[in-house]
Structures are given as structure tokens and as C-alpha cells.
Amino acid sequence: MKRRIGSQIMASILVNSIYAMINYPVILINTLLAPLAILAVVTFASRGTLLPVAAVGALIMNMVSSGTSLQQDLSHLKNDMRLQDMIVSSPTSSLVYVVGMAISEIVYSIPTLAFLIILNVLFVKTTALGAFIIFLDMATIFTFSISLGFFLSTFTSDIIQSWGFSGILSPLLTTIPPVYYPISYIPLPYRYLAYLSPTTYASEIAQSQTGFYSPGAIGFAVSWIVLLSVTIVLTYLALKRSRWREN
Amino acid sequence: MKIRTESLSKTYDKKNQALRELSLDLNLNGIFSIIGRNGAGKTTLIRILSTELMPTSGKGFINDLDVVEKAEVVRQEIAIVPQEARPLPWLTPLQTVSSYLMWRGYSYREAKEKGKEALRELGLEGKEGEKSRKLSGGQKRKLMVATVISSEAPVVFLDEPTTGLDYLSRKELWQLLSKMKKDRSIILTTHYLEEAEILGDQIMILDQGKLVDIGGIDHLRSKVKLPYVLKVHSGNFKIEDDEVQVQPVSEKETFVYGSASKIYGLVPYLLTNKMKFTVEEASLSDIFEQYLGNEEEGGNDEKEDW
Ligand SMILES: Nc1ncnc2c1ncn2[C@@H]1O[C@H](COP(=O)(O)OP(=O)(O)OP(=O)(O)O)[C@@H](O)[C@H]1O
Ligand SMILES: [Mg+2]
């Protein structure tokens, strides 16, 4: 028979987002709460001055959350439901499975994304080129976190372990680093620690387009180089070193 | 279909030997039943052959295709219901079957149609639109079976498909599998030995990761010392003979195992004493017991790390 890759991708999207959203509509606002909470705190504490930074930061957080929820969803489907066993021994390849699952995370967060995009359009001042750069930036950090999520999920053997991973990753990548606030707010010796997180580079790129940070041409290029390198390495690991078939 | 393994071994966590140098070469038409005690290695073998699990050493082949090196090709040909697979609670049964078919590459519409058909065949048509979490345990199991039998895969692995099914549902599934085996091969594990016997064109007994024996029921029966059983409807039937084995089953029944000549030799005595009895060939359960029943401690050493 002729096998349709489109169908294989669609299956992941249906199962992991659309059917879940249809059958349990309450989860539609699920992904909105975390970014909205931090956005509110930062905005009120800065008396509104940091709203544009936080609005872009919330977008970055949303991209990272897609990766951590992917990690949790995949672990659950693999370890509790044994669904991944059925997929591994089916004609669906790991790449096709993950692409479908990654899209499903986007679909799942469409209500949140829509809200954040409106917020950004209203409150963030940038040029058309700036908007495009922010878009590329988001796409990169999304690829990074999806790869990380998939890579980790293939090593989990139960759900508690997978909660452990996402419980660590989420604050380390989104709440603590300068995602919701400018990096210049961190006192100097500690600033270097922030550079351990790839999200710092993503947010520097975004903030440079919204006038909250001016890294200069070299700084801007360095941010991109680091962000892209980390993403490429992780994507490579996800594709080549994930434990698709168990050991 | 051909299944072949060459010194296939699997050791978990460097210490737990689940399969030990298993070699078999099987030309199968129909159903292959794998039986053995808990922890014998049935699931491990099935997971390796279905390309889910890496062997530690040795090789496995499905239709001469190496399950490690040619996994992508093998995966076009097989479908499996893992022992512990459960339907996703937030999907309806129809969504469960059709999404699996889509993962196999069917279009949305084909998947829905074939899904409905499979649910009907397994008697789940009334449950199509309900969420799967509302199904009973046996219905969930049937739903998992429905996913793979609705597919086109010519080789189907079913790891304990009938556990938790009521007797009638089980018999229905037997009929379905017997129908299916005409155009595909089914590899099945079960603890219901009656089922393994009725369905299995070939039966394999595994013990502690090793092959005990393999073949049709007649072959297995020909290998045991006591291939006949005399069922006497009396609780206190006794004979002194080293070559038969007397097993009181209840107050009302005694089983006597022995060779054909020994068992038929007892018949005149029973007739003259007007005792009620039947003579049968040993069932797979009897054979299984003769193969594995005399061990000190059965199964694998189940060491738990506490
Ligand atoms: N993921 C695992 N990690 C470590 N050991 C395992 C794992 N899976 C199975 N084992 C061990 O391998 C041995 C064989 O297990 P397997 O699941 O293949 O047995 P089985 O014949 O399917 O048993 P059952 O009838 O209970 O399903 C057992 O001793 C078990 O403890
Ligand atoms: Mg098992």
C-alpha cells in the first residue's frame, strides 16, 4: 500500500492535541497561565515599563514550554500507555512521529499564542524586519526545546522521572534567565551565569529588536551563532542519539 | 512467514538474563503460540522481534530480514499489541483505532472506515463514540486488538491479547484469529494453555530464557513420557505402578497419566469394576506440567531491588 507521511504526521497532531482539546475543552487555557502569571508580575512590579520585554519573554517561554510539554507527553505515551512501542514497530519513523508531536504542541498552545501575539502587536515597538527576526528567533528556540524534549523523553522510564526533568528545565530556561527582564538588571559577576542558558541568547536577540538592549553588531552575531550552534547540536542528538528502540 | 533467531540473548541491566542463546528456525503458516511461566522471556522475545528492543547479542530475523539492521523494512510488515498497552483515555475507541491506522499511513477516511469495521468485528460498535476510559478492562484489551487487526500488516504480534477477557469474548476472539490467520501470521503469547493449544499451529515452550521445545501439539505430546490421561470419576482410585502417575484431583476425580499401552491396559479393570472414566490424549496443560512442573522453583528468579 501507499503510505502517506501526511497522515502519519496528522495522527500525532490529532491524538496529542486536537482530540484532547475536543474531548476536554478546559485544557484550551492550560498553556496560558504560566506565561501570563509571570508577565503580570513583571509588568506590575516595573510599573508597566517592562511590559514589552515581558511580552516577548512570554513568547519565548511558550516556545520552551512546548518542548517541556512534548517531553512529558512523549514520556507518558511511551511509559504509561506503551503507545510508543506500537509506533516504533510501525512504519512511522521517529522523525515523522516527533515532527507531528511538535506541531501538536503548537496546535495545543494556539489560544495562548494568539493571545501573546496580540499582546506583542499592541505593546512591542519594532520594525517589519525586527518582527521577522523575532519570528526566526522563536522558531529557533522552539526547535531547540523540541529537540531537547524528545531527546530526554526517550531516556525516561516512568512519569515521575519525566516530571523531574521538566520541573528542572522550566525554571532554568525561562523564569531565572533574563527572558522576562533585560540582562543588564543582573549584577555583573552573575551575568555570566545567565549565558549558560540558550534562552538568554534568544531573549537578547528579541530584546535587541525592541529597543531594550543594544548588543552591537558583534554581540548580535554572537548571540545567533551560539543559539544556532546549540540548536543544531541538540537536533543532531535528538535525531541520532535518542533511544528510539530500547536498549 | 519465517522466524529465525541465532543465539539470541538479552540481559537487562547487565545482570538479569531474560533470553539465553535462543536459536530457532520456524516456517510458519498461521498461529505461533509462545508459552512459559512468568518471567520466562516471552515479552522480551516478542519485543526484540518486533524491533522495539535491542538484543544484547545474537540475531533475529523476520522473513530473513534482520530485525536490527533492516528494522525499517521489517516495520512495514508488522503490527504489535504490547502486553501493557492501554488505549489513551481521552480518545474514543474509533479515534484510537483510526489514529493507529493513520500512523501506518492510511488516509483519514480509510482509517475511519477500517476502524469502524474492526470495532464491529470485536463487538465494540456500541462504544465507538464513548471515551475509552469508560470501557471495562476486557473491552480495553479488545480495543487494542482491534487496532492491529484492522491494519494491513501480514505479521501480527499479540502479547497476551486475551488476558482479562470473559470466556465467550475469548472464544469470539479465537474465531476471529482463526479467520485472520488465513492471510497473515500471528505470534501470540498466552497463559491460557487451552488457547495456545486450540490456536497454535506451532507452539513454543520457553523457560528461563531458553527454548524447551517447539512444534505442533502432536510433536510436543510425543516428547513427554506420559502422553495419555485416564480420568476416573472416583476420588479414591489407586494403583501401584511406577510407570503411571496418579493424581487425585478432587473427591470425585482422579487423573492417571501414562503411555497409551499403560492407560488402555487399565480399561478392562475399570470396566469389570463398573467405574466411570474417560481416556484422552494429554492436553497442552498436562504437557506443560510435565515439561516444567518438576523444577525446584519455577520461573525466573524474580529478584526485586527494594
Ligand atoms: N525492562 C526491563 N528491565 C529489567 N528487567 C526486565 C525488563 N523487562 C523484563 N525484565 C526481566 O526479564 C525477564 C523476562 O521478562 P519477560 O517480560 O520477557 O517475561 P514474560 O515471559 O513475558 O513474563 P510474563 O508472563 O509475566 O509476561 C524477567 O526476569 C524480568 O524481570
Ligand atoms: Mg510478558
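What volume does the second largest cavity have? About 50 Å³. The model is predicted, and the cavity is one of 4 that reach 30 Å³ or more.

Start with the residues around this space. From chain A, the lining takes K78(A), Q84(A), D85(A), V88(A), W244(A), R245(A) and E246(A). From chain B come R47(B) and E52(B). Both chains therefore share the lining, since residues of A and of B count as lining when they have an atom within 4 Å of a point. Helix α4(A) gives the most, with 3 residues. By class, the lining holds 6 charged residues, 2 nonpolar residues and 1 polar residue.

Now turn to the largest cavity. Its volume is about 110 Å³. The lining consists of 16 residues. Nearest the centre lie L83(A) and M86(A) from one chain, with L88(B), T96(B) and M144(B) from the other. Three helices each supply at least two lining residues. They are α4 of chain A, spanning 83–88, and two helices of chain B, α3 (93–103) and α5 (137–149). The largest share belongs to α3(B), with 4 residues. Here the class split is 11 nonpolar, 3 polar and 2 charged. In the second largest cavity, by contrast, the split is 2 nonpolar, 1 polar and 6 charged.

Helix α4(A) links the two descriptions. For the largest cavity, α4(A) is among the elements that supply at least two lining residues. For the second largest cavity, α4(A) is the top contributor.

Next, an open space. The second largest pocket encloses about 630 Å³. Its lining counts 23 residues. Those nearest the centre are N30(A), S69(A), Q72(A), D73(A) and Y108(A). Five helices of chain A each supply at least two lining residues. In order along the chain, they are α1 (5–23), α2 (33–45), α3 (51–80), α5 (94–108) and α8. Helix α3(A) gives the most, with 8 residues. The lining divides into 11 nonpolar, 10 polar and 2 charged residues.

How confident is the predictor in chain A? The mean pLDDT of chain A is 91, and 100% of the residues score at least 70. Among the elements of the chain, helix α7(A), residues 128–153, has the highest mean at 95. Helix α8(A), residues 159–175, has the lowest at 84. That same α8(A) is one of the helices that line the second largest pocket.

Finally, move to chain B and ligand 1. Which residues are closest to ligand 1? They are G39(B), K42(B), T43(B), T44(B) and H191(B), out of 16 that surround the ligand. Three side chains place an N or O atom close to an oxygen atom of the ligand. For K42(B) the distance is 2.7 Å. For H191(B) it is 2.8 Å. For N38(B) it is 3.0 Å. Taken alone, ligand 1 exposes 630 Å², and the protein buries 72% of that area. Two elements of chain B give two or more residues to the shell: β2 (16–27) and α1 (42–49). Helix α1(B) provides the largest share, 3 residues. By class, the shell holds 9 polar, 4 charged and 3 nonpolar residues.

Definitions and conventions
Residues are numbered from 1 along each chain as its sequence is written. Chains are lettered from A and ligands numbered from 1 in the order in which they are written. This is a predicted model: local features need pLDDT of at least 70, side-chain atom pairs count only at pLDDT 80 or more; totals for chains, interfaces and linings use all residues. Side-chain values use heavy atoms; hydrogens and water are left out. On a 1 Å grid over the protein atoms alone, a cavity is a set of points where a 1.4 Å probe fits but cannot get out, and a pocket is an open set with protein on both sides within 12 Å along at least five of seven lines; lining residues have an atom within 4 Å of a point. Grid points are joined across faces, edges and corners, and a volume is the space filled by probe spheres set on the points. Ala, Val, Leu, Ile, Met, Phe, Trp, Tyr, Cys and Pro count as nonpolar, Asp, Glu, Lys and Arg as charged, and the others, Gly among them, as polar. A residue is near a molecule or strand if one of its heavy atoms lies within 4 Å of it. A polar contact is a pair of N or O atoms within 3.5 Å; within protein, one must be able to donate a hydrogen and the other to accept it, and residues adjacent in sequence count only if both atoms are side-chain atoms. Accessible areas come from the Shrake-Rupley method with a 1.4 Å probe; for residues, only the protein chains shown count as cover. pLDDT is the predictor's confidence in each residue, from 0 to 100.
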